[in-house]
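Trainee: Got a minute? I'd like to go through this one with you, starting with how rings and charges get called.

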Amino acid sequence: HYLLVFAYYLLPRSTAFMTRRPSARIHFHKTPPLVGNDADANNLPADKNLHSSIYRFAKSSSDEESESSWTDGGRISVTVEKDIPFVFDADTAKEAWLKHHWRGGGGLPIYVSQKDNNEALRRVIMPIMMEEQALVKKDEDSPSTLIEYTVTKPGWAFQSDLVDNSHSSSVSFVPLENSSGCKMIWNVEFDTIRFRGLYQAVTEFTIGTASRTVVESLSTPRLLTVQSTFNSTSLSSPIEARKEWLEFVWARGGGLPLPPGFLRGEVLEEGGGSAKRSIVRVPPLIVETILSTDSTEDSTELMYEVENPGWLTFPFLLHTHLARVRFSRASNDGGGDWEGGDGSVDIKWEMEVRPFPIFAPLVEKLLEMAITTIVRNLVVHFADPGATVEIRPARGNENLAGGIDSFGSVPNDTWLGGVLDAHLRDDRSTVEQTLSLVQPWLWGRTGNGDEDDDVMFGWSNRGMPL
């Protein structure tokens with residue numbers, strides 16, 4: 001019985017209300033404690049009955065305390081410390097916190113609207129409409145950095161529970177001693193009118209999630225590298241290949257079975273007239289923006305990123321995204337004359353991402369399938385411009401179609417065109433073709449990404465090389 005008493009008091013306060021039972025069910029006896037001759041009369045040892053009394057008293061008192069902490073208000077205080085070993089100074093960690101938490105939502109399913117001004121950082125958290133204001137403090141004589149922020153408006157969801165002007169939070173970034181990196185110390189305090197236990201648990205969860213997001217956003221990224229060669233009589237230079245990429249992939253979707261994106265921003269001079277600086281792809285709600293373009297005598301490239309990584313881009317759940325597409329004179333071209341239009345172009349598509357760890361396998365597979373499919377479509381696009389694939393009845397069922405040989409056609413440089421083209425070339429048995437119906441990831445143009453494949457690809461744990 002003593003062990004039960006001690007175990008109960010060792011339970012975390014934030015979970016005590018989850019294990020609470022009605023007091024009438026935890027009493028060992030409904031009568032007062034039996035001692036002395038009364039205990040002997042009931043054939044109960046005196047010490048055993050005393051233990052029951054202690055247990056009853058402890059549980060009843062703790063129940064009242066747990067219920068009080070659950071329903072009453074009080075002071076909420078949460079402190080989270082995280083080591084960030086992947087940064088060179090505190091300013092880098094501070095910028096990551098501002099980007100991925102303050103502006104990006106901290107890995108939580110929320111949307112943040114910025115209201116920055118010259119004096120302070122202001123934001124509105126939707127849909128709860130909570131407003132916060134932050135101020136960065138930097139001592140020029142100290143390597144540490146401090147951010148202080150407070151809730152200025154609790155919003156409709158919390159205005160009846162939070163005490164006005166009671167919220168104060170700080171995030172400090174302190175360089176680690178005897179090693180690279182820094183320590184992030186995040187402290188949040190505020191007063192509540194009720195539900196102290198609930199707000200304590202929720203604050204621990206949200207600050208814990210946000211702090212992990214900041215650390216993960218600075219961790220070693222995953223790098224997808226996709227390479228192939230375009231052979232075409234219409235290519236005059238790598239710059240021409242980049243121009244076609246901007247029109248076919250950026251502006252028109254690269255032949256994926258998805259609706260075309262919504263272009264916005266200025267028209268890119270490097271494109272063919274359709275491509276603009278940014279594009280919104282729906283579904284999901286991904287906003288991609290071209291950051292820069294660069295060209296040399298034998299190569300050209302462009303850099304782009306996903307502006308809004310997070311829950312809005314589900315199922316592509318990422319903390320960070322940065323990609324580079326480089327076009328260069330093909331290694332097997334032999335240095336031929338580009339003016340003749342018979343050159344070949346190598347493409348190297350690199351994508352540096354930091355996915356949410358729990359979703360990393362799914363995210364990486366989806367990205368790999370999307371990028372390799374686009375590159376395979378590009379190979380067909382350059383090799384046979386304007387080619388189409390006819391939609392025909394299934395082999396052996398021509399008579400069921402009333403003698404119709406074709407129901408139309410689709411462009412061959414699309415995913416659907418690849419599926420139809422592969423079907424027309426498929427000489428496998430009926431059983432194998434039937435089994436492939438439940439394996440859509442094998443439909444169309446696929447490969448292992450090795451040296452025998454037209455498109456080589458692979459993943460590695462490193463950042464994008466310069």
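Mentor: Sure. A charge sits over a ring if NZ of Lys or CZ of Arg is within 6 Å of the ring centre and within 35 degrees of the ring normal. And keep in mind that this is a predicted model.

Trainee: OK, so which ring does the charged end of Arg123 sit over?

Mentor: That would be Trp102, with the charged end of Arg123 4.5 Å from the ring centre. Look at Trp250 too: Arg281 lies over its face, at 5.8 Å from the ring centre.

Trainee: And Trp102, which aromatic cluster is it in?

Mentor: Trp102 forms one aromatic cluster together with Trp97, Tyr149 and Trp186.

Trainee: How many aromatic pairs does the structure hold?

Mentor: The count is 13 aromatic pairs. One of them is Trp97 with Tyr149, a tilted pair at 5.9 Å centre to centre and 40° between the planes.

Trainee: Where in the chain do those two partners come from?

Mentor: From distant parts: Trp97 is in helix α6 (residues 90-102) and Tyr149 is in strand β5 (residues 145-153), 52 residues apart.

Trainee: Is Trp97 buried or exposed?

Mentor: Buried, because its relative accessible area is 0%. Tyr149 counts as buried as well, because its relative accessibility is 5%.

Trainee: What about Phe190 and Tyr199, what sort of pair do they form?

Mentor: Edge-to-face, with 6.4 Å centre to centre and 90° between the planes. Both Phe190 and Tyr199 are buried.

Trainee: Switching to the backbone. Which residue does Val282 share a cis peptide bond with?

Mentor: With Pro283, and omega there is about -10°. Pro283 is in the loop between β10 (276-281) and β11 (286-295). There is also a cis bond from Phe314 to Pro315, with omega near 10°. Pro315 belongs to the loop between β12 (299-306) and β13 (318-329).

Trainee: Why bother pointing those out?

Mentor: Because most peptide bonds are trans, and most residues other than glycine have a negative phi.

Trainee: On phi, then: what value does Met129 have?

Mentor: A positive one, about 60°, although Met129 is not a glycine. You'll find Met129 in the loop between β3 (121-126) and β4 (130-138). It counts as partly exposed, because its relative accessibility is 40%.

Trainee: And Asn165, where does that one lie?

Mentor: In the loop between β5 and β6 (168-175). Phi of Asn165 is near 60°, again positive in a residue other than glycine. Asn165 is exposed, because its relative accessible area is 79%.

Trainee: Is Asp164 buried or exposed?

Mentor: Exposed, with a relative accessible area of 59%. Asp164 is also in the loop between β5 and β6. Its C-alpha is 8.9 Å from that of Val151, and the two are 13 residues apart in sequence.

Trainee: Let's go inside. In the largest nonpolar core, which residues touch the most other members?

Mentor: Trp245, Tyr304, Ile347, Trp349, Met351 and Leu378, out of 39 residues in that core. Several elements supply at least two core residues each, including β8 (222-231), α8 (238-251) and β14 (344-355).

Trainee: Which element gives the most to it?

Mentor: α9, with seven residues. In the sequence, α9 covers 360-383.

Trainee: I also clicked on Pro221. Where is its place?

Mentor: In the loop between α7 (196-217) and β8. Pro221 counts as buried, because its relative accessible area is 6%. Check Val353 as well: Pro221 and Val353 are 132 residues apart in sequence, with 5.6 Å between their C-alphas.

Trainee: Last one, the outside. Which residues make the nonpolar surface patch of about 470 Å²?

Mentor: Tyr111, Phe262, Val282, Leu285 and Leu312 make that patch. You've met Val282 already, in the cis peptide bond with Pro283.

Trainee: And Tyr111, which strand does it lie in?

Mentor: Strand β2, residues 111-114. Tyr111 counts as partly exposed, because its relative accessibility is 45%.

Conventions
Residues are numbered from 1 along each chain as its sequence is written. This is a predicted model: local features need pLDDT of at least 70, side-chain atom pairs count only at pLDDT 80 or more; totals for chains, interfaces and linings use all residues. Side-chain values use heavy atoms; hydrogens and water are left out. Patches are made of residues with over 30% relative accessible area and no salt bridge: like charges are joined within 9 Å, nonpolar side chains (Val, Leu, Ile, Met, Phe, Trp, Tyr) within 5 Å. Accessible areas come from the Shrake-Rupley method with a 1.4 Å probe; for residues, only the protein chains shown count as cover. A salt bridge is a side-chain nitrogen of Lys or Arg within 4 Å of a carboxyl oxygen of Asp or Glu. Helices (H or I, at least four residues) and strands (E, at least two) are DSSP runs, numbered from the N terminus. Buried means under 20% relative accessible area, exposed over 50%, partly exposed in between (1.4 Å probe, protein chains only). Rings of Phe, Tyr and Trp (its six-membered ring) pair if their centres lie within 6.5 Å; planes under 30 degrees apart count as stacked, over 60 as edge-to-face and the rest as tilted. A nonpolar core is a set of buried Ala, Val, Leu, Ile, Met, Phe, Trp, Tyr and Cys residues joined through side-chain atoms within 4.5 Å.
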